[in-house]
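Dear colleague,

I am handing over the structure below for your consideration. My findings on the ligand and its surroundings follow it.

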Amino acid sequence: MTRRGVCLVLASAPGVGKTSVSRALLEMEPDLSLSISATTRARRPGELDGVHYFFRSQAEFDAMVERGELLEYARFLDRSYGTPRGPVEAALEAGRDVLFDIEWQGHRQLRDRLPGDVVGVHLLPPSIAELERRLRGRAQESEAEIARRLDVARAEIAHWSDFDHVVVNRDFDRTVAEVRAILHAARSTRARQPWLAEFVEGLLKT
Ligand code: 5GP
């Protein structure tokens, strides 16, 4: 009576707190694992190949696309990002849930590729002023860089209505609790339990 896993997509503008929320969810939910994306962007200090991303050249990335190895892929700030297919399909069939930290184009494609499997959550900042404060707090950046990040943020926020659930991240613990509740509810939908019809038939016979 294995259920089918849930694809939980957590999207937001950079700086809203998606990474911290993801980390907390992964710690609290033993059945949830993070989908590790392939990317052509450069590795940042502290990032490990195969842990944070699979860092690939553009030629290697294009070959993965060609071979149909990516469930979805998109360009973001002139770099390619994509989700390897194999681990996701294996997890869903084994009844394990997968968390995706991907942007809006990837979320759209994933919904098309895995109809019924995707639950999309968009995290919103409480205000643009608060988002700007968080983006500034990250590092000493030039005004031009802050302005560019805010443009990227606005572009992601503009796609809020693609998502099943929208959570305003005012309070970290509350946000984590809300996203967990969404995941838990998704696990018991009829589509997640393909064995139900037979089970209920058995119940009614006895
Ligand atoms: P970063 O370079 O800061 O790690 O990520 C940049 C953006 O790419 C983030 O919004 C992140 O959610 C998105 N992203 C990461 N992996 C993937 C992926 O596999 N597919 C898509 N479509 N977006 C991704």
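A polar contact is here a pair of N or O atoms within 3.5 Å. By that criterion, Tyr 53 makes a polar contact with the ligand, because a polar atom of its side chain lies 2.5 Å from a ligand oxygen atom. Please note that the model is predicted.

Two further contacts of this kind deserve mention. In Glu 103, a polar side-chain atom is 2.6 Å from a nitrogen atom of the ligand. In Arg 44, an N or O atom of the side chain lies 3.2 Å from an oxygen atom of the ligand. On its own the ligand has 520 Å² of accessible area, of which the protein covers 88%.

As to the shell, the ligand is surrounded by 15 residues, and the closest are Arg 41, Tyr 53, Tyr 81, Asp 101 and Glu 103. Sorted by class, this shell comprises 6 charged, 5 nonpolar and 4 polar residues. Strands β5 (70-76) and β6 (79-84) each contribute at least two residues to the shell.

Where is the ligand placed in the protein? The ligand occupies the largest pocket, which holds about 1400 Å³ of space. This pocket is lined by 39 residues, and those closest to its centre are Thr 19, Arg 41, Arg 44, Tyr 53 and Asp 101. Arg 41, Tyr 53 and Asp 101 are thus named both among the residues closest to the ligand and among those closest to the pocket centre.

The lining of the largest pocket draws at least two residues each from α1 (18-28), β5, β6 and α6 (143-157). Helix α1 gives the most, with 6 residues. By class, the lining has 14 charged, 14 nonpolar and 11 polar residues.

With kind regards

Definitions and conventions. Residues are numbered from 1 along each chain as its sequence is written. This is a predicted model: local features need pLDDT of at least 70, side-chain atom pairs count only at pLDDT 80 or more; totals for chains, interfaces and linings use all residues. Side-chain values use heavy atoms; hydrogens and water are left out. A residue is near a molecule or strand if one of its heavy atoms lies within 4 Å of it. A polar contact is a pair of N or O atoms within 3.5 Å; within protein, one must be able to donate a hydrogen and the other to accept it, and residues adjacent in sequence count only if both atoms are side-chain atoms. Accessible areas come from the Shrake-Rupley method with a 1.4 Å probe; for residues, only the protein chains shown count as cover. On a 1 Å grid over the protein atoms alone, a cavity is a set of points where a 1.4 Å probe fits but cannot get out, and a pocket is an open set with protein on both sides within 12 Å along at least five of seven lines; lining residues have an atom within 4 Å of a point. A molecule sits in a cavity or pocket if more than half of its atoms lie within 2 Å of its grid points. Helices (H or I, at least four residues) and strands (E, at least two) are DSSP runs, numbered from the N terminus. Ala, Val, Leu, Ile, Met, Phe, Trp, Tyr, Cys and Pro count as nonpolar, Asp, Glu, Lys and Arg as charged, and the others, Gly among them, as polar. Grid points are joined across faces, edges and corners, and a volume is the space filled by probe spheres set on the points.
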